[in-house]
Each structure stands twice: as structure tokens, then as C-alpha cells.
Amino acid sequence: MAQAVYSGPFGGRIEKSERLNMNHIHLSNQKAARILTVVCGLLFFAFSFIYLYVFQGDVLEALLRSWSDRVVCSPWVVALLVTVILLILRWGINVLLGLKGHVRALSYFPSFLLLGVMTDVDYTLYDEGIASRWAWLLPLVLLVFILVGFAFRRLCRQWMDAPVDNAAMATSNLTLFLLLCFLTVSIGNTDIHLHHELAIARAVRNHDYPEARKIGAKVVDPNRAFTALRAYALSAEGTLGEYLFQYPQPYGAEGLLPDATGGAILPTSVAALYAHWGEQPREGEQALPFFRRLYQAHPHQSVLKEYYLCALLLHKDLDTFVSLLRESGCDASTLPRHYREALYLYARMHPHAGVVVADEALDQAWKRYEEFRAEYSQVRGEANLMRRKCGETYWWYYQY
């Protein structure tokens, strides 16, 4: 009996067994493509929502505030809506270009690009919102992508339609997906100082001061704007004298003011600081004279007094600090932690000045401090070693 044969698409003859095998491969590719589509969709949903709400949540909220004085919609709702819209966009792009096989994931390119563009902001956030260069660059990039996609689909149609190994197809698409994730992150804002600034502003706005104290707590090289904003958050809580020296203070008293040259701080943050003090520094005025002037003009305002006392400590002017506390008639036992540490240090430095700080806990802390100093005095990197042991005390700040 003769074996059944069939004509191929180009006039060739294909045996029945070979045809069945090709159909099996085709069905297997279709099933794998459907699974890959679902997996990529779930991965994009997870990436987009986590990226917007977790990693760029403060930027997203700031963008909403830049468009309206009041955030009507929660950032997580906006993140969810944006993610769904970008998934629909991906579906539309794939219908238009018909990308499949090894390059199916390329249909996510516009969605990933838009995700990055949305979060490409800097300190002009409230003036320009999203970087202005995208007004012309984004349409251009999308147009080039669509034209290249059409050309690629036409020239490589046979290659994309050909049967493929499922594992190779999954590997190539997931690799493209990861590269697109990297594209989004590289475009979006990754300035840790801006993120910290926005986070502190949100925490203070919500009166969540314990959260504000946690933001950037491990940063050892904060910029001046962030240092000033953290001091503002502590002052708003009324704990500036309690927690200030638990954080690095590389700028001394000047760290209480944002840099007058501008740039690395949002205008809204500057406005919040000036409103907190009731006045802004004069041109060229430094921190200590500024807070001294404010305190002398309003001696009964606790915020200004606290700022002035902390400016004196940051300037290491213990004589004026102790004199001011004596004039105020403060009880040492009721003072914030760093004020008591400064008084205790002054009493040690000037034993005949009549300053007495009776505090057993401070006695024990000072004893440990002196033991560490004796242990590390001949060791290279003494300041860093002491910072690890006693870096949250005023004593370390004053002596190192």
C-alpha cells in the first residue's frame, strides 16, 4: 500500500508522519507562547506596581501634588491604574506589530519606557514635573520603535513564524524582559537624597515623627539639605535636643540651614523651613547669627530657642550654651539627652565653674566612653572606631 504524502507550502512533498510532527511542534509552541504571555504579564504587573508604589512611591505622590494642591487619589490606587493602562498599551502594541517567538517581550518596550519617563524627575519637580526633554524625545522614540517594529516584522516574518525550541524562546524573552526592567530603573529617579527629602516631607505632613527619624538613619554622608530637613522634622516633634547628634552632622551649625546656593532641595521644603522659623536668613547670613537673631527677637518661642541651643552645640560654643541654660533656670535632670551630655562635658572640662550634673546613667556612659578612648587612643582610625561605639553622643561630636 502506498504511503500517504502531502504537498508542502512551496510545492514540496511532506510525509504524513513529518506533518504530524510539525503540527505537534506548532501546538506546543502555541501553548508555550500563551504561558509565556501570561507569565510576562504577571511579571510586568508585579514589577510596575512595586516599582511605582514601593520604590517610587514618594516621587509618585509628589507628582500628584505638583498637579494638584491636594492628593485626591491614594498613590497605591494610581500605581494600580497606571499598571493596568500600561498592560493594555502592551496588548495594543502587540496587535499592531505582531511580535512573537523570540522577540515577543519587545512589545513591552513602550510600557517600560513610559514607566521610566513617569519617574524621571529632579529638584525641578514642582516647576516642570516630568523632565521637559521627554516632551519631544518620547514621541520620537516611540515613533522610531513602531517603524523599526514594522520593518522587522516584514523582513523577519518567516523567522518569527518558524517553530522554535520552547526553552530557548522563554530564555530570550525573559532576558529581554529583564533588560527592559533595567531600562526603566536607569531612566527613573534614583537620587537617594531626593527620595529621603520627599519621604521626610511626607512623614512631617502626616505628623508621623517616629517614621521621620528612621528615614536615612544609616546614611553616613547626608547632603546639607537632608541634614536641615531632618533637623526640621525633629524640631517639629520637639526632640531636636534629644536626637540631633544620633545622626552625622558634617556641616556643623550650617547643617541647620539649606544651602543658600539652592539646587539640592525642593522649593516646597525651603518654604516649610521658613514657615517653621517665621523668617528666612538674610543674604549671606550664617546659621549661628541667624538663630541668635531670631531667639533674641522671640526669646519665648521654644522652637527658636531649641534651634539656637543646638546651633551653639554644633558650633561647639559650650560657654554660651551653658550661660543660656543658666539664664533660663533649667533643671539639668529634665533637659534633653544631648543638652545633658553637653553640660556633663562642660562640667568635666571646667570643674570649678559650679556646674553640677548628678546623673548616674551619664556617669556610667562617660566611664565607658573614657575606656574606649583609652583602648583606641593608639590605634589608627581612632575617630571611626569611637564613632561605632559612641557616635550617637555629643561627646563624640565635640571631640572628634
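Helices here are DSSP runs of H or I with at least four residues, strands are runs of E with at least two, and both are numbered from the N terminus.

**View 1. The whole chain, to get your bearings.** Welcome to a predicted model. By that definition, the protein chain holds 20 helices and 2 strands. Its length is 400 residues, and 42% of them count as buried. Looking at contacts in the chain with a separation of 6 or more, 68% are between residues 24 or more positions apart. The chain exposes about 21800 Å², with carbon and sulfur atoms supplying 58% of that area.

**View 2. A nonpolar patch on the surface.** Here you can find Phe45, Ile50, Tyr53, Val54, Phe55, Trp76, Leu80, Val84 and Ile88, which together make a nonpolar surface patch of about 830 Å². Two elements give two or more residues each to this patch: helix 1, spanning 16–55, and helix 3, spanning 75–97. Helix 1 gives the most, with 5 residues. One patch member to pick out is Ile50, which sits in helix 1. Its relative accessibility is 40%, so Ile50 counts as partly exposed.

**View 3. Phe112 and the residues around it.** Now follow the chain to helix 4, residues 109–118, where Phe112 has its place. Is Phe112 buried or exposed? Its relative accessibility is 0%, so Phe112 counts as buried. Which residues does Phe112 contact, leaving aside its neighbours within four places in sequence? They are Phe44, Phe47, Phe177, Leu180, Cys181 and Thr184. Look for Phe182 as well: 70 residues separate it from Phe112 in sequence, while their C-alpha atoms are 9.3 Å apart in space.

**View 4. Helix 4 packed with helix 6.** Staying with helix 4, this view adds helix 6, which covers residues 134–155. The two helices pack at an angle of about 170 degrees, and their axes are 11 Å apart. Angles over 145 degrees count as roughly antiparallel, so helix 4 is roughly antiparallel to helix 6. On the helix 4 side, the contact is made by Phe109, Pro110, Leu113, Leu114 and Val117. Helix 6 brings Trp134, Leu138, Val141, Leu142 and Phe145 to the contact.

**View 5. Asn173 in helix 8.** Next, turn to helix 8, residues 166–187, and find Asn173 within it. At 1% relative accessibility, Asn173 falls under the 20% cut-off and therefore counts as buried. Not counting residues up to four places away in sequence, what does Asn173 touch? Its contacts are Leu36, Gly101, His102, Val103, Arg104 and Ala105.

**View 6. His207 in a loop.** This close-up shows the loop between helix 9 (192–205) and helix 10 (209–214), where His207 is found. The phi angle of His207 is near 60 degrees, a positive value in a residue other than glycine. With a relative accessibility of 58%, His207 counts as exposed.

**View 7. Lys316 in a loop.** Our last stop is the loop that runs between helix 15 (302–314) and helix 16 (318–328), home to Lys316. Phi is near 60 degrees for Lys316, a positive value in a residue that is not glycine. Lys316 has a relative accessible area of 35%, and is partly exposed.

Conventions:
Residues are numbered from 1 along each chain as its sequence is written. This is a predicted model: local features need pLDDT of at least 70, side-chain atom pairs count only at pLDDT 80 or more; totals for chains, interfaces and linings use all residues. Side-chain values use heavy atoms; hydrogens and water are left out. Patches are made of residues with over 30% relative accessible area and no salt bridge: like charges are joined within 9 Å, nonpolar side chains (Val, Leu, Ile, Met, Phe, Trp, Tyr) within 5 Å. Accessible areas come from the Shrake-Rupley method with a 1.4 Å probe; for residues, only the protein chains shown count as cover. A salt bridge is a side-chain nitrogen of Lys or Arg within 4 Å of a carboxyl oxygen of Asp or Glu. Buried means under 20% relative accessible area, exposed over 50%, partly exposed in between (1.4 Å probe, protein chains only). Contact means heavy atoms within 4.5 Å. Axes are lines fitted to C-alpha atoms, for helices over the stretch in contact, and angles run from 0 to 180 degrees between N-to-C directions. Angles under 35 degrees count as roughly parallel, over 145 as roughly antiparallel, 65 to 115 as roughly perpendicular and the rest as oblique.
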